[in-house]
Amino acid sequence: MISHASSHTDTARTLGAPIRRRSLMTLAGLGLLSPAILSACSSRSGKAASSGTGGHIDTLRVHVPTTLAYMAPMALFGQQGKLAPTIGKATVENWSSAEAMKALLMQKQTDLAATPSYAAANLFNKGVPLQLVAMQVWGMLYVVGPEGSSAQGLEAMRGKKVAVPMPNNMPDLVFRYLLGQKGWDASKDLQVQNYADGQEALSNLLAGNVEFAVLPEHPASVSLAKAKQQGKVLERTADLQKIWAEVTGGEAKFPMAGLVMPREITDSNPQAVGAVLSEVEACIAATNAKSEETVNTIAQKTKVPAPIVTEVIPRLQLNLVPAAQAKDQLVNFYTRLSTLNPDIVGGKMPADDFYLKDPR
């Protein structure tokens, strides 16, 4: 999901004018963006797609973060044959922050963007004319700790130092929410060490400055591999998806990342929306099949080694669910996180028209 080397941010794939990457290290450190990030806005040159009037779209402009969780299901986008005849072709570029994505949407410079689910709600509640089209990533957060800790699960962390990236954003909110529901006092029962991003959390775990770290995939897998190279043994102490199921009584997953489109397209061109959904479904099916060719394509575009890509793909829980069908799960997720930080979704639940119905 995130790069384990700073050079990852230099490999962002761009088509046309490059997007500024001031916050890519923060993005790469977590794979989930704070809606409050106010880094430099992106700009893009080139002819705009004819997307606002219905009918044929010559070029669908797609923007995706470089991180593995986002790129894995979108690395093959435009190659599955599902866009025709409504959409001619697709270009895929990278967006660098929630603020950059907002600028792209406001300036009508993107037609499809991958985003954390809460960032989409936050932008919608701030008046950005978008709709959530679908969810596709359903949870990949872990606590990583020393050998033998998995036998105890969360209890292994009691009184210990735990690295948690980006306070008041995911995965911090998920982690603290789960601890609270389990009866823990995060300020007393363990020593939370906050870090700006997941890269810092990972580095401090490997350096021995903390005993545990809350990490998404793919950094969780990277931490195990790097520790082994250093002669250390780390393991997944706790699967936060499973603990989510214990706490909520639901499934071992939650809606982490999805896709948004401008209202200009969703209101006027349901055929294009349907084509996008069908294309993404085909991409996810190909990704989950993990063929050597697909894995190598994802590895090349993310600069994550192919063996880690292969290992991580099942943990991303990739599954396309149209937004209206995922509404109950999203509202549940937003509501729970909002008990700790209402600003995460812009201070209120999104209105019903945030959740796009499948037009197919």
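**A buried threonine and a five-stranded open sheet**

In this predicted model, T287 is located in helix α10, which spans residues 270–289. The relative accessibility of T287 is 0%, and the residue therefore counts as buried. When residues up to four places away in sequence are set aside, T287 is in contact with A72, P73, T294, I298, I313 and L318.

A further element of the model is an open sheet of five strands, in which the pairing is mixed and the strand order is β7-β6-β8-β5-β9. The edges of this sheet are formed by β7 (191–195) and β9 (234–239), each of which has a single partner strand, so that one side of each is left without a neighbour in the sheet. Averaged over the sheet, and with direction ignored, neighbouring strands are turned by 30° against each other.

Strands of a sheet pair through backbone hydrogen bonds, in either a parallel or an antiparallel sense. For strand β5 (residues 141–146) and β9, the sense is antiparallel, and the pairing extends over five bridges; within these strands, Y142 stands opposite D239 of β9.

Two helices are associated with this part of the sheet. Helix α7 (residues 219–229) packs on the sheet through contacts with β5, β8 (212–216) and β9, and its direction makes an angle of about 155° with that of β9. Helix α8 (residues 240–248) likewise lies across β5, β8 and β9, but the angle at which α8 runs to β9 is about 20°.

Conventions:
Residues numbered from 1 in each chain as written. Predicted model: local features only at pLDDT ≥ 70, side-chain atom pairs only at ≥ 80, totals over all residues. Heavy atoms only, no water. Helix = DSSP H or I, 4+ residues; strand = E, 2+ residues; numbered from the N terminus. Buried < 20%, exposed > 50% of the residue type's maximum accessible area, 1.4 Å probe, protein only. Contact = heavy atoms within 4.5 Å. Pairing = 2+ DSSP bridges. Axes fitted to C-alpha atoms, helices over the stretch in contact; angles between N-to-C directions.
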